[in-house]
Amino acid sequence: KGQIHFGADDNASGVAGVLELAQFFSAKKNLKNLKKPLYFAVWTGEEIGILGSSAFVKQWELDTKVKLNTKIEASLNMDMIGRYRKALFVQGLGSATQWKSLVEQANAGEPLILHTQDDPYLPSDALTFYMRVLPAP
């Protein structure tokens with residue numbers, strides 16, 4: 001408590017992952033293949049009650065006057081992506097039937113040992129979106 005947790009626990013790995021994906025998908029060669037818009041966002045306050053993601057959802061629905069799940073189809077939580085010890089853990093796959101096969105297909109032929117967890121009730125910002133009926137691993 002009160003100490004810096006270097007690596008995955010400091011949120012920097014998740015932010016770096018979000019920035020990498022935003023850079024990749026905004027490249028001209030990749031942008032032309034998108035069929036739908038992508039939104040990239042990062043939150044704060046997860047450790048004290050998923051405050052950032054909850055505020056985002058609440059403000060989105062106030063501003064647009066529509067439920068979030070009518071405009072956004074899924075949310076991908078990039079929390080703690082920097083931690084890798086013998087296996088890659090992917091959680092929350094039970095929030096949509098397609099997630100598990102998508103993850104397995106993406107990992108096919110890769111040297112990563114993959115451990116998946118179906119339970120969508122995670123102590124992370126993914127829960128904010130799952131509770132709004134959005135697939136959110």
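**View 1. F56 and W60 along helix α3 in the predicted model.** In this predicted model, F56 and W60 lie four residues apart in helix α3 (residues 51-64), so about one helical turn separates them. F56 is partly exposed, with a relative accessible area of 28%, whereas W60, at 15% relative accessibility, counts as buried. The aromatic pairs of the model number six. In the pair made by F56 and W60, the ring centres are 5.9 Å apart and the planes stand at 50 degrees, so the pair is classed as tilted. F56 and W60 also belong to one aromatic cluster, together with Y39, W43 and F129.

**View 2. The aromatic pair of Y121 and Y130.** The pair that Y121 forms with Y130 is edge-to-face, with 5.3 Å from centre to centre and 85 degrees between the planes. The two partners fall into separate accessibility classes, since Y121, at 52% relative accessibility, counts as exposed, while Y130, at 21% relative accessibility, counts as partly exposed; the class boundaries that apply here are 20% and 50%.

**View 3. The largest nonpolar core and the surroundings of L68.** Nine residues make up the largest nonpolar core, namely V57, W60, L68, I72, L122, A126, F129, L134 and A136. Helices α3 and α5 (126-130) each supply at least two residues of this core. When its neighbours within four places in sequence are left aside, L68 is in contact with F56, V57, W60, E61, F129 and L134. A second core, separate from the largest one, has five residues, among them L93, A96, W99 and V103. In soluble globular proteins, nonpolar side chains tend to be buried together.

**View 4. The buried face of helix α4.** Within helix α4 (residues 99-107), the residues W99, V103 and N107 are buried. Seen down the axis of α4, its buried residues fall within an arc of 65 degrees, and they therefore line one face of the helix. These buried residues of α4 pack against β1 (88-90) and β2 (114-116). Two of the residues in this view, W99 and V103, are also included in the second nonpolar core. Just after α4, G109 adopts a positive phi of about 80 degrees.

**View 5. Helix α1, its length and its two sides.** Helix α1 (residues 12-26) has 15 residues, which at 1.5 Å a residue should span 21 Å, and its end C-alpha atoms are 21 Å apart, in agreement with that expectation. The residues S13, G14, G17 and V18 of α1 are buried. Because the buried residues of α1 fall within an arc of 140 degrees when seen down the helix axis, they line one face of the helix. On the other side of α1, the residues L19, E20 and Q23 are exposed.

**View 6. S124 in the loop between β2 and α5.** S124 is found in the loop that runs between β2 and α5, and with a relative accessible area of 7% this serine is buried. The side chain of S124 makes a polar contact with the side chain of N77, at 2.9 Å. Leaving aside its neighbours within four places in sequence, S124 is in contact with E46, I50, N77 and D79, so that N77 appears both as a polar partner and among the residues within the 4.5 Å contact limit.

Key
Residues numbered from 1 in each chain as written. Predicted model: local features only at pLDDT ≥ 70, side-chain atom pairs only at ≥ 80, totals over all residues. Heavy atoms only, no water. Phe/Tyr/Trp six-rings, centres within 6.5 Å; stacked < 30°, edge-to-face > 60°. Buried < 20%, exposed > 50% of the residue type's maximum accessible area, 1.4 Å probe, protein only. Arc of directions from axis to C-beta. Expected span 1.5 Å × (residues − 1). Core = buried A, V, L, I, M, F, W, Y, C linked by side-chain atoms within 4.5 Å. Polar contact = N/O pair within 3.5 Å; in protein donor to acceptor, adjacent residues only side chain to side chain.
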